[in-house]
Amino acid sequence: MNAHRQKFYFTFLAWALAISANVVAQVSDADQKAAQAINETTIRSHIKFLSDDLLEGRAPGTRGGRLGEKYIASQLELLGLLPGAKNADGSVSWYQTFDILGVTSQVPKTMSLKAGAKTLDLKFRDDFIAFTGEQKPAVGVKDAEIVFVGYGIEAPEQKWDDYKGVDVRGKILLMMNNDPANDPNLFAGKTRLYYGRWTYKYEIAAKKGAAGAIIIHTEPSAGYKFQVVQSSWTGEQFELPQTENAPAVKMKAWATDEASKKIALLGGKNLDVLRARAERRDFKPVPLGVTVSLEMTNNIRSLKTANVIGVLPGRDPVLSKEHVVYSAHHDHLGIGTPANGDSIHNGALDNASGTAAILAIAKAFAQMPAEQRPRRSIMFAAVAAEESGLLGSQKFCADPPVHPGYLAANLNIDGVAILGRTKDLAIVGIGKSSMDGLVKEVAAWQGRVVKGDEFPDKGFFYRSDQFNFAKIGIPATYCDPGLDVIGKPAGWGKEQAEKWEATHYHQPSDEYNDSWNLEGAVEDAQLMFLVGLKVANAEQLPSWVRGDEFEAARIKALAERK
Ligand SMILES: [Zn+2]
């Protein structure tokens, strides 16, 4: 065989093996039987209870929220799981109880900027929004210099550094939103990575010791209009209490594209020219010669809430130290302004349904015969305060019940299929870790196909709880229900999903309905069960794709195992 033919032969062989691997049953009869413990009745009954009006929308710190937490803990206890949280005194508990702070900033009507003798006043709401970065009654910046830092990204794995060692301590960083999108080989092309999320921008500014950051709003880079920025940043924001030495900026701000151009122009610069330069690796920060002053006063209140955590110990004496974590947020929006006479945000789909799914998965694991139980331990974390900014999962990951190096993987569920069985399934943030392969394997065994999510540019992977797990290095997976509904015409599923989004998402009408067809939810939960089981029994831990943004955190966590 000549080299060319040899190469062809091996390519063909690899392809044939890959095909047969998909066709051969990847799930044993015993495991299949265990998965069948997940059924419609289990999922439906949990949703019905958790989304009942009596729980008043399960907002953090409310009686209804607390009732939801109690219910979940009771269910895990009934299944024979062990409490998975630790109290400060070292005793175990079902509850990882923690405080969240509700912060409201009062911002003056104008923000004043100066460049020598020239001045510029920007109008609050119309031109900019600002919010405190510190949890103190009064926070301000005085004559702080503005530096344009392009995307403000520092990404060693992409060989990208917008700072180039320039000291930006005490400065206000004017930053572009999103990440470089023009080169398919950089920052996953048009897919938004974490570097492209606004949360990253404030975090990196804090890490660099900056006094504040102003994100330049454009509709393409944000994916939404400035009105969304105005409405989401002018009311109460929820945060975990800041720890003493954690870096924080004083001011978090956004400015419209037009206002940002005016800021640059005040310093004699053309923002479009600066932005074009920022598309390149050799970009360096540009001081604008402009200073800004702004004083804010803040109201701060404190609420208590809890993650509910249960564990099924693995059967292997060594591997049982490692845990596969299933997560779903149990909170929702509570009681709001009435819509059609209803003020209770039941959050039946969002996320009584995901909570119900992990409880059903817990039941399937708990019912396995002892000798068939997974080698690694399985942890169930119904996390709190997702709607307040992923705070429960943030708390879990900041203070995990076991060291992150012993958390094998995260499988998160936020919303289940209510339209029936589907031929497909979507991995949100596809292409990041070896978890994809396991999802594909089980989906193929179910006779289904796996797709990426519809809007990779919106960065949905970073907008639910799996993100916090990923951030501390844990290979995390999150699937959206399929849209190709069996027995329905093409496009029907997508149409229904869009209709749901437009009429019920985050509305009091997100209520349980007997007409929901949960057969697809059952199949998806069985898939998640089988994927978690594979992780729990595998020789090797799952891993990030080489060069992934979260790989470095994983390497660090594994190296720190004791
Ligand atoms: Zn939600």
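## Helices α3 and α4

Helices α3 and α4 are roughly antiparallel to each other, because their angle falls in the class over 145 degrees (under 35 degrees counts as roughly parallel, 65 to 115 as roughly perpendicular, and the rest as oblique). This description belongs to a predicted model, in which local features need pLDDT of at least 70 and side-chain atom pairs count only at pLDDT 80 or more, while totals for chains, interfaces and linings use all residues. Residues are numbered from 1 along each chain as its sequence is written, and side-chain values use heavy atoms, with hydrogens and water left out.

The angle at which α3 packs against α4 (residues 63-78) is about 155°, and the two axes lie 10 Å apart; axes are lines fitted to C-alpha atoms over the stretch in contact, with angles from 0 to 180 degrees between N-to-C directions. Helices here are DSSP runs (H or I, at least four residues), as are strands (E, at least two), numbered from the N terminus. On the α3 side, Ser45, His46, Phe49 and Leu50 make the contact (heavy atoms within 4.5 Å), and their partners in α4 are Gly68, Tyr71, Ile72 and Gln75.

## Helix α10 against α3 and α4

Helix α10 (residues 348-366) packs against α3 (residues 40-50) at an angle of about 135°, with 8 Å between the axes, and the two helices are therefore oblique to each other. From α3, the residues Thr42, Ile43, His46, Ile47 and Leu50 take part, and they meet Ala348, Ala352, Ser353, Thr355, Ala356, Leu359, Ala360 and Lys363 of α10.

With α4, by contrast, α10 forms an angle of about 15°, the axes being 10 Å apart, so that α4 and α10 are roughly parallel to each other. Here Tyr71, Ile72, Gln75 and Leu76 of α4 touch Thr355, Leu359 and Ala362 of α10. Among the residues of α10, Thr355 and Leu359 also appear in the contact with α3, just as Tyr71, Ile72 and Gln75 of α4 also appear in the contact of α4 with α3.

## The zinc site

The zinc ion is coordinated at 1.9 to 2.4 Å by Asp350 (OD), by Glu387, which is listed twice through OE, and by His506 (NE2). Donors are N, O and S atoms within 2.8 Å of the metal (3.2 Å for Na, K and Ca), and the site may look incomplete because water is not among the atoms. Along the sequence, the spacing of the donor residues reads D-x36-E-x118-H.

Glu387 is found in the loop between β19 (377-383) and α11 (391-398), whereas His506 is found in the loop between α14 (492-503) and α15 (519-537), so this pair ties together parts that are 119 residues apart in sequence.

## Backbone exceptions

Most peptide bonds are trans, and most residues other than glycine have a negative phi. The bond from Asp350 to Asn351, however, is cis, with omega near 0°; Asn351 is placed in helix α10, and Asp350 is one of the residues that coordinate the zinc ion.

A further exception is Phe187, whose phi is positive, at about 50°, although this residue is not a glycine. Phe187 sits in the loop between β11 (172-176) and α5 (198-207).
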